[in-house]
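I opened this notebook to keep track of what I looked up in one structure. The entries follow the order in which I went through it.

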Amino acid sequence: MGVRGRGPDSTPLVLSRPTLVRTQTGVLDEVVEITGLGAQVCARRTDGDVLCWGNVAAENIRDDVQGTPYATLVFSGATAIAVGYKVACAITGASGVLECQGTRPTNWNDVLIANWAVTGAAKLALNGGGGYALMPDKTVLSFGVAKRGMRGNADASNSPASPVTDLTDVVAIAGNVVKVNS
């Protein structure tokens, strides 16, 4: 429910017909970046506000917003966003601080979103249990799950963020959802 972001519209949904994404006060506009995963979608506006919608976003990113089909404010002052499994993150502020909201998959009990501490990031990508931050010096930091080489280095710890080995002059990053068995 709500992945189309159309509010409590009671007209029958026609999947082939585009609909406007709605906020509590109108239509979501001035969008410069959009990302999603499954039934969870987030958009960054020109003013840096990040609004998310969809059934997964409502239940796991904002605990106070249960099942809302509206695009709901999750972050302010963002310069980049990424969505992963049950989590949304943004780079905020002039110092490029990583902020995340949501829950982690229950089989990753040792992965705490609070440990995903990154400052100075320019771009962001998430995978199933963590992610990557592109730094201004064109290197990449990894954070989150340290299983099966997902960190891109010899780091066996789920925190803190650490550089991906042998990557330099990187200009773009992308994430992917990865199923990790404990």
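**Entry 1: a strand pair to begin with**

I started with β8 and strand β9 (residues 130-134), which pair in the antiparallel sense over five bridges. Within this pair I found L124 opposite A133 in β9. I note here that I am reading a predicted model.

I then looked for the sheet around the pair. Four strands make up an open sheet, in the order β8-β9-β10-β11, with antiparallel pairing. I asked myself why one side of β8 and of β11 is left without a neighbour in the sheet. Both strands, β8 (123-127) and β11 (162-163), stand at the edges and have a single partner strand each, so one side of each has no neighbour in the sheet. As a reminder to myself, strands of a sheet pair through backbone hydrogen bonds, either parallel or antiparallel.

**Entry 2: the chain as a whole**

I stepped back to the full chain. I counted one helix and eleven strands in its secondary structure. Read from the N terminus, the elements run β-β-β-α-β-β-β-β-β-β-β-β. The chain has 182 residues, and 45% of them count as buried. I also looked up contacts between residues at least 6 apart in sequence: 42% of these join residues at least 24 apart.

**Entry 3: β5, β6 and β7**

I went on to β6 and its partners. β5 and β6 run antiparallel and are joined by six bridges. A80 has I91 in β6 as its bridge partner. The hairpin of β5 and β6 has two residues between the strands, and K86 there takes a positive phi near 60 degrees.

β6 also pairs with strand β7 (residues 97-102), in the antiparallel sense and over six bridges. I noted two bridge partners in β7: L98 for I91, and G102 for V87. The hairpin formed by β6 and β7 has four residues between the strands, and G93 in the turn has a positive phi of about 75 degrees.

Is β6 buried or exposed? Six of its six residues are buried, so β6 is largely enclosed by the rest of the structure. I checked the two faces of β6 separately: V87, C89 and I91 are buried on one side, and A88, A90 and T92 are buried on the other. In a regular strand the side chains alternate between the two faces of the sheet.

**Entry 4: the nonpolar cores**

Which residues touch the most other members of the largest nonpolar core? I found C89, L98, W116, V118, L124 and F143, in a core of 17 residues. The elements giving two or more residues to this core are β5, β6 (87-92), β8 and β10 (140-144). β6 has the largest share of this core, with three residues. Another core lies apart from it; this one has ten residues, among them C52, A78, A88 and A90.

I looked up L124 on its own as well. Leaving out residues up to four places away in sequence, L124 touches I81, A82, C89, A90, I91, L98, Y132, F143 and I173.

**Entry 5: the largest pocket**

Next I searched for open space. Rolling a probe the size of a water molecule over the atoms shows where empty space is left. The largest pocket has a volume of about 270 Å³. I listed 20 residues in its lining, and T35, I81, A82, L124 and A125 lie nearest the centre of the pocket. The elements that give two or more residues to this lining are β1 (31-37), β5 (78-84) and β8. The largest share of the lining comes from β5, with six residues. By kind, the lining of the largest pocket divides into eleven nonpolar, six polar and three charged residues.

L124 therefore appears in two of my lists: among the lining residues nearest the pocket centre, and among the residues with the most contacts to other members of the largest nonpolar core.

**Entry 6: one loop residue**

I closed with A39, which has its place in the loop between β1 and β2 (40-45). Its relative accessibility is 21%, so A39 counts as partly exposed; the cut-off for buried is under 20%. I also looked up the C-alpha atoms of A39 and G54: these residues are 15 apart along the chain, and the atoms are separated by 5.4 Å.

How values were computed. Residues numbered from 1 in each chain as written. Predicted model: local features only at pLDDT ≥ 70, side-chain atom pairs only at ≥ 80, totals over all residues. Heavy atoms only, no water. Pairing = 2+ DSSP bridges. 1 Å grid on protein atoms, 1.4 Å probe; cavity = no way out; pocket = protein on both sides within 12 Å on 5 of 7 lines; lining within 4 Å. Points joined across faces, edges and corners; volume = space filled by probe spheres on them. Nonpolar A, V, L, I, M, F, W, Y, C, P; charged D, E, K, R; others polar. Core = buried A, V, L, I, M, F, W, Y, C linked by side-chain atoms within 4.5 Å. Buried < 20%, exposed > 50% of the residue type's maximum accessible area, 1.4 Å probe, protein only. Contact = heavy atoms within 4.5 Å.
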